Amino acid sequence: MTEETVATRRDLLALVLDTLVPASGGFPGAGAVALDHVLAMAAASADLERLLSQGLRAVEEASRANAAAGLASLSDDERENVLRRVERSHAEFFEALVRHTYDGYYSHPTVIARLGLDASPLHPRGHRVEAVDLPDLARVSARGPLHRPA
Amino acid sequence: MSGSTPGNDDRTDVLVIGAGAAGAAVAWMLARAGVGVVCLEQGDWVDPRALPHWRTDWELHRHTDWSAEPNVRRLPQDYPVNDAGSPIAPLMYNAVGGSTIHWSAHFPRFRPSDFRVRSLDGVADDWPIDYATLEPFFDLNDRMMGVAGLTGDPAYPPKAPRQTPPIPLDTLGATMARGFDRLGWHWWPSDSAILTRDYDGRRGCINCGPCDLGCPTGAKASTDITYWPKALAAGARLQTHARVREITLGPDGRADGALYHDGEGRLHAQKARAVVLAANGIGTPRLLLNSRSARFPHGLANRSGLVGGNLMFHPYAMVRGVFDRPLAGHRGPVGCSLISQEFYETDLSRGFVRGYSFQVARGLSPIASALGGFIGDRVPWGREHHRAYNDRFDRTITVAVIAEDLPEPHNRVDLDPALTDGDGIPAPRVFYTLSENSRRMLDHGIARAGEALEAAGAGEVSANPLLRAGGWHLMGTARMGRDPATSVIDAEGRCHDVPNLYIVDGSTMVTCAGVNPTSTIQAVALYIADGMIRRRS
């Protein structure tokens, strides 16, 4: 692929990801934070790369059926409708795309922090567990043995 | 840490195959008694500094190199499993520590009635040993592994004090406990092989969460940090990257060692006076079936034809409730919160024989929440995505229904005619169908779990009727029994057909109870090793 083709493909995929998980309420769009992950997964798997190429071609074709300028020229509603059509016609591609998009999106530190979690590695910090009021286990114990004698 | 490398011509007293939950326990007990032990393990030591917990993208690794499914993970030390004939995918980990590396360390014992299923309920078979026989080995194993818990659970006979206080239930666990309480049902903080305080040179848990990706702290008991350091100190030798091809026989028909491939594929022989198989409920029958000879044309120790048969999983149904408030489910050990055994013992009015447990685990991490967790209903994409995600994230409790499977000969492990591992050794193939009894049991559990979640305050409740990626427990494929026609090993763990060949892993299990099996597998392994020592002396 030429550099121009690669850039065009990145732009299209970013637009698709932003349609899957749009920027909203302080959360970034997936095109900004999950694109590199999806491309890395495709680069590591010939099967996924094939699916991605076929799927993106289908997106382009479906988009041009709406407007000659493609997905970028469509409204948010129209983009979503295009992807829903491709989801039905290329189910395997779409399932993999959504899964890897969610993987990349919800492992990104920006998103983790926006969820209200600490985005630093789990170790060595761990989590502080708060003391909570528990139901009284005496009620359970008062029932006596629940196991059958053998 | 590493054991010394055994030489090819170095005949040892006992060769142990597999360094996981059972193999480590046996190696330690034998070595401590002065028995010469060599263990062959196809995996390597796991470096706690290389675990995903040190990375910001830790959760991604659940789907790649830290997947519990060998067919997904595909590491060089893994072997493929043809599971196309099973609705449940077998899970395992190949390393020093075996599947205790990636388990969640929920650590209940079998109950006394679990060993007398035929006598009490007229199904399956009784074990040739009982709870009282195993009790000292349960206790010994608890001390070696380190158990957090609370004595006094009326679901069990009295137990010795647990090594540390129970895992904190936190908001999520307390919410669910109140649900069980409102219904008047049994619940109890889980016995967990996870330290809540420092114990035996190991640190207490820091509640980071994903125990299934290993434990960088060492609070979770995996046998690479519990049994193995003590076994090596007692003189046991451990050879890693050693994949056993077949068990060899001497002219007298007794096992005399094994042939194994090293990490470069070279073939070696290890001679031994006795052989102990601890390669899990799929790896052990695979190895026996691959060890064919003129004396055993259908696989070693397989005159009964039962090697590989009677495969039991614990079929899991998963039930999820969505709450209207945050539950702090990301804090604390992922698999451990509380257990309910309200529907454990047989009550035929329920429409099935035997019973099940509820296991309440922690909440879902960010990616798992998006993908639907154990239910698998991913959050919808598009403009409604964030709203739908926020409705779910940190607001769910998942209750696992863990059903007692009954042994059936047609559920089995055999050898795939084409598939092999990296050394060209035939791979296992699994055939399994869910029985009508198990289906009814799971359906009952789904309905009752839904009631408990609603009693705890859940709004929407959803269920996955049978978890595919749920084959954590691999059991029954070389069962214990007194009759050589209906079992593979005797009550001492010896193969009926080859008396110096022992089996100590989940293959030995006659029935599988309605709880996680590791503490019972390890207790049985210690009991068998104790018998080997007593007969030797």
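**Close-up 1. The contact between chain A and chain B in the predicted model.** In this contact, 55 residues of chain A meet 62 residues of chain B. The two chains bury about 5100 Å² between them, and 63% of that area lies on carbon and sulfur atoms. Within the area that chain A buries against chain B, 15% is supplied by A:Y102, A:H123 and A:R148, which is more than any other three residues supply.

**Close-up 2. Salt bridges and polar contacts across the interface of chain A and chain B.** The count of salt bridges between chain A and chain B is eight. In one salt bridge the side chain of A:E80 meets that of B:R383, with a distance of 3.0 Å from N to O. Across the interface of chain A and chain B there are also 26 residue pairs in polar contact, counted where both residues have pLDDT 80 or more.

**Close-up 3. The side of chain A that touches chain B, viewed by element and by residue class.** On this side of chain A, two or more residues are given by each of the helices α1 (3–20), α3, α5 (76–89), α6, α7 (109–114), α8 (122–125) and α9 (138–141). The largest share of the side that touches chain B comes from α6(A), which gives eight residues. By class, the residues on this side of chain A divide into 29 nonpolar, 12 polar and 14 charged.

**Close-up 4. The largest cavity and its lining.** A search of the whole structure finds two cavities of 30 Å³ or more, and the largest of them has a volume of about 80 Å³. Its lining is made up of 14 residues, of which B:C205, B:C208, B:C211, B:C215 and B:T217 lie nearest the centre of the cavity. The lining of the largest cavity divides into eight nonpolar residues, five polar residues and one charged residue.

**Close-up 5. The second largest cavity, with lining residues from chain A.** This second largest cavity has a volume of about 40 Å³, and the residues that line it are A:V38, A:A42, A:L48, A:L51, A:L52, A:F93, A:A96, A:L97 and A:H100. The elements of chain A that give two or more residues to this lining are α3 (35–44), α4 (46–66) and α6 (91–105). Of these, α6(A) provides the largest share of the lining, with four residues, and α6(A) also gives the largest share of the side of chain A that touches chain B. The lining of the second largest cavity divides into eight nonpolar residues and one polar residue, with no charged residue.

Key
Residues numbered from 1 in each chain as written. Chains lettered and ligands numbered in written order. Predicted model: local features only at pLDDT ≥ 70, side-chain atom pairs only at ≥ 80, totals over all residues. Heavy atoms only, no water. 1 Å grid on protein atoms, 1.4 Å probe; cavity = no way out; pocket = protein on both sides within 12 Å on 5 of 7 lines; lining within 4 Å. Points joined across faces, edges and corners; volume = space filled by probe spheres on them. Nonpolar A, V, L, I, M, F, W, Y, C, P; charged D, E, K, R; others polar. Contact = heavy atoms within 4.5 Å. Buried area = accessible area lost by both parts, 1.4 Å probe. Salt bridge = Lys/Arg side-chain N within 4 Å of Asp/Glu carboxyl O. Polar contact = N/O pair within 3.5 Å; in protein donor to acceptor, adjacent residues only side chain to side chain.
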